[in-house]
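Work through the exercises below with the coordinates open. Try each task before reading its solution.

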Amino acid sequence: MNRLVVGAHYGLKDWLAQRVTGVVMAVYTLIIFAAALGGATASREAWQAFMANGFIRYISFLFIVSLCYHAWVGIRDIWMDYLNSAALRVILHVLTLLALVGYAGWAVQIIWRL
Amino acid sequence: MPELTKQRPKYLALHEIRLPLAGFASILHRVSGAGLFLMLPLLIWLLQLSLGSTQQSAELFAAVTGNWLVKLILLGLLWAFLHHFCMGIRILLIDVHVGVEKQQAHNSAMAVMVISLALTLVFGLKLLGAY
C-alpha cells in the first residue's frame, strides 16, 4: 500500500492535550491578572516576592510545561499543513521540539531559583 | 461519477479565497499562535530580567522595555495573546456544542475580534504608560 507519511497517532491525544494545556494557561492568566490588580506588579520587589511564593512557583511551572506542549502541537500542525516535503517536515519538527525543550528549561530555572 | 475525475491534490489560490468571518478569526488564531511562539525567547528573557536580583538586570529591563520597537512588538504580542485567549475559549465552547449554529458561530467570531481588540486597547494604553 502506498502510504503518506503524515505522523503517528491521528490526533485524539493531541486534541485533548491542546484543550487541557489551554485551560491550564487560561486559568493561570486569570490568576496573574487578579494578582496584578491586587498589586503584585506594583513594584519590582512586590513582583519578585509574588513569583517566589511556593504555590505561584508550582502553577508557574505547570504554565511553562503547558505552554511548551501547547506550542509543540500547534507549531507541528502548521508544519504538517503547509509543508509537502516529509524531509523538511521532519527537520522543522525536530528544530521546533529542541527549541521548546530548551525554552522550558530556561523558563523553569528562572522561576525555580527564586 | 465526475467528482472522482477531479484533479487531486488540490492547491488553492490563497489570494482568491474569500473567508467568512469565522474563518478569518480562525486563521488569526494560527497567526497569533505562531507569532507568540517566535517571540518566546524575548518574553522569557524579559521574565528573567524582571526577576533578576541584580541592579544590572533591573536597569536592562527598564532599558529594553523602554525601547519603542520592543514596545511595538509587545503591543503586537498583547493582541496575539488576547486573540488567542478569546478564540481558545470560543473553541472550547464549540467543543461542548455551545454556539455551533452558523449564525451563532458568526456572532461569536465577531465577539472574539471585537473583545480582543478592545482589551488590546485597554492593556495597550497601560503598556505604553498612558495611565
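Five exercises on this predicted model follow.

**Exercise 1. Find how the axes of H3(A) and H4(A) cross, and classify their orientation.**

Step 1. The two axes come within 10 Å. They cross at roughly 170°.
Step 2. Angles over 145 degrees count as roughly antiparallel. H3(A) and H4(A) are therefore roughly antiparallel to each other.
Step 3. The handedness of this crossing is right-handed.
Step 4. Sort the contact residues by class: 18 are nonpolar, three polar and three charged. Among them are A:Phe61, A:Cys68 and A:Trp72 of H3(A), and A:Leu100, A:Tyr103 and A:Ala104 of H4(A).

**Exercise 2. Do the same for H1(B) and H4(B).**

Step 1. Here the axes come within 9 Å and cross at roughly 130°.
Step 2. Roughly perpendicular ends at 115 degrees, and roughly antiparallel needs over 145. H1(B) and H4(B) are therefore oblique to each other.
Step 3. H1(B) passes H4(B) in a left-handed crossing.
Step 4. From H1(B), the contact includes B:Ala25, B:Gly33 and B:Leu36. From H4(B), it includes B:Gly76, B:Phe81 and B:Met87. By class, the contact has seven nonpolar residues, seven polar and no charged.

**Exercise 3. Locate the largest nonpolar core and name the residues with the most contacts inside it.**

Step 1. The core has 23 residues. A:Leu67, A:Cys68 and A:Ala71 have the most contacts inside it.
Step 2. Next, list the elements that each supply at least two residues. In chain A they are helix H3 (54-82) and helix H4 (86-112). In chain B they are helix H1 (21-38), helix H4 (68-95) and helix H5 (102-127).
Step 3. Look at A:Cys68. Leaving out residues up to four places away in sequence, A:Cys68 touches A:Leu100, A:Tyr103 and A:Ala104.

**Exercise 4. Break down the contact between chains A and B.**

Step 1. Chain A gives 17 residues and chain B gives 15.
Step 2. On the chain B side, H1, helix H2 (40-51) and H4 give two or more residues. H2(B) gives the most, with six residues.
Step 3. That side of chain B holds nine nonpolar, four polar and two charged residues.

**Exercise 5. Is B:His97 buried or exposed? What is its phi?**

Step 1. B:His97 sits in the loop between H4 and H5 of chain B.
Step 2. Count the C-beta neighbours of B:His97 inside 10 Å: there are 7. The cut-off for exposed is 12 or fewer, so B:His97 counts as exposed.
Step 3. The phi of B:His97 is positive, about 65°, although the residue is not a glycine. Most residues other than glycine have a negative phi.

How values were computed. Residues numbered from 1 in each chain as written. Chains lettered and ligands numbered in written order. Predicted model: local features only at pLDDT ≥ 70, side-chain atom pairs only at ≥ 80, totals over all residues. Core = buried A, V, L, I, M, F, W, Y, C linked by C-beta atoms within 7 Å. Buried ≥ 20, exposed ≤ 12 C-beta atoms within 10 Å, placed from the backbone. Helix = DSSP H or I, 4+ residues; strand = E, 2+ residues; numbered from the N terminus. Contact = placed C-beta atoms within 7 Å. Nonpolar A, V, L, I, M, F, W, Y, C, P; charged D, E, K, R; others polar. Axes fitted to C-alpha atoms, helices over the stretch in contact; angles between N-to-C directions. Parallel < 35°, antiparallel > 145°, perpendicular 65-115°, else oblique. Left-handed = near helix turned anticlockwise from the far one by under 90°.
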